[in-house]
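Hi,

Here's the structure I promised to pass on. Have a look at it first, then read my notes below.

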Amino acid sequence: MGEKREPKEKPEETVIRLLTERGMKVTAVESCTGGMVCAKLTDVPGASKVFREGFVTYSDRAKRELVGVKKSTLKKHTAVSRQTAAQMARGGAKAAKADACISVTGYAGPEGGENGDPAGLVYIGCCVDGKVTVEEFHFSGDRRRNRQQAARQALLLLKRCILSRDAETSKKVETAKTAEPAEAEARP
């Protein structure tokens, strides 16, 4: 008889666990996923301890009014752009007073953008403690599948950004520890 293996943790379960362990709060700003990221997060028991609120900003107006995306950004770069995803993530964190925010904007399909961008083009932004990361994805499924893939990739990016924050914090602590003896030796 083999050992009983623990079931693999889903990305949303990992995210909720990481946020809970760190005492962090999270929010999401979604366009093409229409609340799928929020639904996945709130499916996890204990999410209410870390999940602040979610924004579905399907229209440009909602992006501007709810999370502060600049009208000039939307005009110059469109709603589906790296710049818009970054402003959605930063603005969502600020609006919800959250430590972390994930944002999703893209063309789920079957059509792409008026400017020739293809269906399946999605930008996912993540803001953790004020640091913003944006990744570009090209999904090739139908509308439903593209939205599912975008929601999954958003959770995976959020997980990576939380863990990256830990690595940076650890590096700062190590630098401070190695600096202390040198400072002590310099004292008279």
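One definition before we start: contact means heavy atoms within 4.5 Å. Also keep in mind that this is a predicted model.

With that cut-off, take isoleucine 124: it touches Ala85, Ile102, Ser103, Val104, Thr133, Val134, Glu135, Phe137, Ala150, Gln153, Ala154 and Leu157, leaving aside residues up to four places away in sequence. Isoleucine 124 is also among the residues with the most contacts inside the largest nonpolar core, together with Val37, Ile102, Val104 and Leu158. That core has 33 residues, and its largest share, 8 residues, comes from helix H6. Apart from it there is another core of 13 residues, including Val29, Val69, Ala89 and Cys127.

Now the sheet. General background: strands of a sheet pair through backbone hydrogen bonds, either parallel or antiparallel. Here you'll find an open sheet of 5 strands in the order E2-E1-E3-E4-E5, with mixed pairing. E2 (51-56) and E5 (131-138) are at the edges with a single partner strand each, so one side of each has no neighbour in the sheet. From one strand to the next, the twist averages 10°. E4 (residues 121-128) and E5 run antiparallel and are joined by 8 bridges, and isoleucine 124 sits opposite glutamate 135 in E5.

Finally, helix H5 (residues 82-96) lies across E1, E2, E3, E4 and E5, at about 145° to E3. Its buried residues include Ala85, Met88 and Ala89. At 1.5 Å a residue, the 15 residues of H5 should span 21 Å, and the end C-alpha atoms are indeed 21 Å apart. Just after H5, lysine 97 has a positive phi of about 55°.

Cheers

How values were computed. Residues numbered from 1 in each chain as written. Predicted model: local features only at pLDDT ≥ 70, side-chain atom pairs only at ≥ 80, totals over all residues. Heavy atoms only, no water. Pairing = 2+ DSSP bridges. Helix = DSSP H or I, 4+ residues; strand = E, 2+ residues; numbered from the N terminus. Axes fitted to C-alpha atoms, helices over the stretch in contact; angles between N-to-C directions. Expected span 1.5 Å × (residues − 1). Buried < 20%, exposed > 50% of the residue type's maximum accessible area, 1.4 Å probe, protein only. Core = buried A, V, L, I, M, F, W, Y, C linked by side-chain atoms within 4.5 Å.
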